[in-house]
Amino acid sequence: MSGRGLILGIESSCDETAAAVVERGARTLSSAVASQIATHARYGGVVPELASREHLRAIVPVVRAALAEAGIGLGDLDAIAVTAGPGLAGALLVGITYAKALAFAQGLPLIAINHLEGHIHAVLLNERETEPQDPSGAKAPANFATLSARLKSCPDTNQRISAEEAALALVVSGGHTHLFLARPAQGAWSYKLVGRTLDDAAGEAYDKVAKLLGFGYPGGPWIDAMARFGNPLAVPFAFSQIKHKVHLGSKPPRIKAAKTAPIAELDTRFLFSFSGIKTAVLRYVELHDLRGEAQARAARLFAPHSEARPPQTKEEALALCPQQILDLVASFQCAVVGDLMKKTFAAAESLGARRILVTGGVAANRELRARFSAEATRRGVRIAFPTLALSTDNAAMIAAAAWPRFVAGEFAEDSLSGNPSLALGR
Ligand code: KG4
Ligand code: ZN
């Protein structure tokens, strides 16, 4: 133990094996990510069995790379943090088992982190990295119990955590579309679930629409790149107001994450639904006889050794698909971003939140960042996004989220196991 507050974060909830070292939740010393995109791309989505196998292969080299990049050894760490859910059961198991073994062998505390909390802390980590560092520079003793007590009483730490303001957080990724009211407390943050999707996550809709149109995986970056060259008003997609009771009928919604979240207690104005727009795109494709064209494109893009990447110019985009498809993806994106925006700002206004955090893979989207930022300026609300590298899955966000729990002495039990539908907030 170095007493520097060095936490090794480990993330393996979906298709990225990641490890990172973060100092006192505020300074990233390293962040290593082994992406499995190449493995899953040909299937157009994540194959859980393949994901577990790839995590097993990558976990040791990724942790070694994170320690090497940080210039430290295992003996310098003060704690190990790992994603406990939500995510794929087999994928979570790899990270948790490895983190537990490492913590046991090194005599270090283990901290369990909810993946969604991690995404929220990706933004907070960015903010802290641009703030002045702890001026005390005090070295904590080499015993973690004493260290934790010392850090708790460190005025700088407590002040900085409590000085951070409550925020409305939109976590928008391939597996989640959730709105939380995130509040700093002494020690760990607290979260109140404010809204969520009733069916597909926004990123899932991006991925499915991209697959339908014969583009690469993951679909978000492809649609993001191509939407710039299309007319967003060409196809009028409308998000009808969600009828609360319809979704609470006998057939449960297909929610992968946070199954236990109490939908009935949520304000229907803050509920999302993205399966309808996906079906509307499918109908458009069938009506305009675009399937064959999409299949031919997919065959080209997914051919062995094809190194397809999203187009950078209009010429490249048009070489890939007709203008009609560019208009379709631009209209799809415009509608999805508009819906995310409308509900997020309505929730912020209703809760009196003057600060919004937008995070998760879809937060990398250019149109989303531009439109959310413009609206925030118009309303006089502060808005923050993670850097592009911290928008998608990574382990720096897990190590950063663990810091307040470390300070509060909230450590995981030896019996920790992965929970694929772990909920965040009440
Ligand atoms: O946060 P993330 O890496 O994993 C989950 O926790 O799900 O998010 C991955 C998702 C995918 O659905 C991907 O298509 C989407 O984020 N994504 C984007 C962009 N980059 C990634 N969606 C829209 N625009 C992007 N630029
Ligand atoms: Zn994620």
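Let me begin with burial: of the 426 residues in this protein, 54% are buried, and I should say at once that we are looking at a predicted model. The exposed surface of the protein comes to about 17,600 Å², with carbon and sulfur atoms supplying 57% of that area. As for secondary structure, the protein has 16 helices and eleven strands, and if we take the contacts with a separation of 6 or more, 78% of them are between residues 24 or more positions apart.

I would like to turn now to the metal site. The zinc ion, ligand 2, is coordinated by His115 and His119, each through NE2, and by Asp393 through OD, at 2.0 to 2.1 Å. Along the sequence these donor residues follow the spacing H-x3-H-x273-D, and the pair His119 and Asp393 links distant parts of the chain, since His119 sits in helix α4, residues 115-129, whereas Asp393 sits in the loop between α15 (388-391) and α16 (396-407), 274 residues apart. Both His119 and Asp393 are buried. What is the geometry of the site? The angles among the four donor atoms of the zinc ion run from 95 to 138°, and the site is irregular; four donors would count as tetrahedral if all angles lay between 85 and 135 degrees.

Next, a helix pair. Helix α7, residues 202-212, packs against helix α13, residues 323-351, at an angle of about 175° and with the axes 11 Å apart, and α7 and α13 are therefore roughly antiparallel to each other. On the α7 side the contact is made by Ala202, Ala205, Tyr206 and Val209, and on the α13 side by Phe332, Gln333, Val336, Val337 and Leu340.

Finally, some backbone details that may be worth inspecting in the model. Gly85 and Pro86 are joined by a cis peptide bond with omega of about -10°, and Pro86 belongs to the loop between β4 (79-85) and α3 (89-106). Another cis peptide bond joins Tyr217 and Pro218, with omega of about -5°, and here Pro218 lies in the loop between α7 and α8 (219-227).

There are also non-glycine residues with positive phi. Arg24, in the loop between β2 (16-23) and β3 (27-35), has a phi of about 50°, and Asp289, in the loop between α10 (275-287) and α11 (291-301), has a phi of about 55°. Which of them is buried and which is exposed? Arg24 counts as buried because its relative accessibility is 11%, under the 20% limit, while Asp289, with a relative accessible area of 69%, is exposed.

Definitions and conventions
Residues are numbered from 1 along each chain as its sequence is written. Chains are lettered from A and ligands numbered from 1 in the order in which they are written. This is a predicted model: local features need pLDDT of at least 70, side-chain atom pairs count only at pLDDT 80 or more; totals for chains, interfaces and linings use all residues. Side-chain values use heavy atoms; hydrogens and water are left out. Helices (H or I, at least four residues) and strands (E, at least two) are DSSP runs, numbered from the N terminus. Buried means under 20% relative accessible area, exposed over 50%, partly exposed in between (1.4 Å probe, protein chains only). Contact means heavy atoms within 4.5 Å. Accessible areas come from the Shrake-Rupley method with a 1.4 Å probe; for residues, only the protein chains shown count as cover. Donors are N, O and S atoms within 2.8 Å of the metal (3.2 Å for Na, K and Ca); water is not among the atoms, so sites may look incomplete. Four donors count as tetrahedral if all angles lie between 85 and 135 degrees; four count as square planar and six as octahedral if opposite donors are over 155 degrees apart and all others between 65 and 115; anything else is irregular. Axes are lines fitted to C-alpha atoms, for helices over the stretch in contact, and angles run from 0 to 180 degrees between N-to-C directions. Angles under 35 degrees count as roughly parallel, over 145 as roughly antiparallel, 65 to 115 as roughly perpendicular and the rest as oblique.
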